[in-house]
Amino acid sequence: MQLLSELIFWCFVVLTVGSAIVVVFHSRVIYSVFALLFTLFGVAALYVYLAADFLAASQLLIYVGGILTLIIFGVFLTSKVMSLNIAEQSHQRWLAVIPIVLVGAGLLMLILTTPWEIKISAVRPTTQELGQLLLTDYLVSFEAASILLLSALIGAMRLARFFRTED
Amino acid sequence: MYNLTIYLMVSAVLFLLGLFAVMTRKNAISVLMGIELILNASALNFVTFSHFSSGNLNGQVAALFVIIIAAAEAAVALAIFLNIFRIKATSQVDKADLLQG
């Protein structure tokens, strides 16, 4: 059982990282979007392994159900999907490798050399505790997030419709 | 499997891939996907530290806010891309130079 769980965990790690590589390096945008689906799904599975049940569900609902749908709409609306030259070119690829390698080496050193203080508690349902935290300790940020979402909703509608009246 | 460094490594790889996409991609939507990768990496880090510090849920709340902000950001960014596409008939970020005098 333990072995099976570990095997599935590594499958999800490979799925997450592999599809993220496809997201970044595939030359067709629509393939990148569908690879992003698997990355987000893999991250949700990692949340399950981290005992974050509510977050895994919200990741699936909001990211896979909401944001990804939005991005697919964006791809379809801002490019001629049926045409063959939708393939995009990248620029400064070799120049960008330098900061990536530097930042990556720094992160790797940091992760491996820091003496982490690990305290794992038993797995428990988190939804009730999260709700209590949101309405007590994080009440102000919760309300700020609500206002942010409302203003983003209205602003996005206004932006997207702005030039339609002038056509 | 219950190893903190594995999660941190996965998160670091996601962050670096996202950073690479943001720096090299020309299509605005690919840049947006890079930003989503970066946000996911940070949320994964928050949840990881939440799990490995005796189940303290503050990190999970932070990750929840990351997801909320990512949703708002994606909606506004795509509205802006649609407008740029309508005006310039392109979704390349370096063609969007309307404010460049």
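## Polar contacts and salt bridges

Between chain A and chain B there are ten residue pairs in polar contact, both residues at pLDDT 80 or more, a polar contact being a pair of N or O atoms within 3.5 Å, of which, within protein, one must be able to donate a hydrogen and the other to accept it, while residues adjacent in sequence count only if both atoms are side-chain atoms. Zero salt bridges are found across this interface, taking a side-chain nitrogen of Lys or Arg within 4 Å of a carboxyl oxygen of Asp or Glu as the criterion.

## Basis of the model

This is a predicted model, in which local features need pLDDT of at least 70 and side-chain atom pairs count only at pLDDT 80 or more, whereas totals for chains, interfaces and linings use all residues. Residues are numbered from 1 along each chain as its sequence is written, chains are lettered from A in the order in which they are written, and side-chain values use heavy atoms, with hydrogens and water left out.

## Extent of the interface

Chain A contributes 83 residues and chain B 68 residues to the contact (heavy atoms within 4.5 Å). About 7000 Å² is buried between the two chains, 77% of it on carbon and sulfur atoms; this is the accessible area (1.4 Å probe) lost on putting the two parts together, summed over both. In chain A, V24(A), L50(A) and T78(A) lose the most area to chain B, together 10% of what that side buries.

## A residue of chain B

N40(B) is buried, with a relative accessible area of 2% (buried means under 20%). Leaving aside neighbours within four places in sequence, N40(B) is in contact with L40(A), V43(A), Y47(A), Q59(A) and Y63(A).

Note on methods: Buried means under 20% relative accessible area, exposed over 50%, partly exposed in between (1.4 Å probe, protein chains only).
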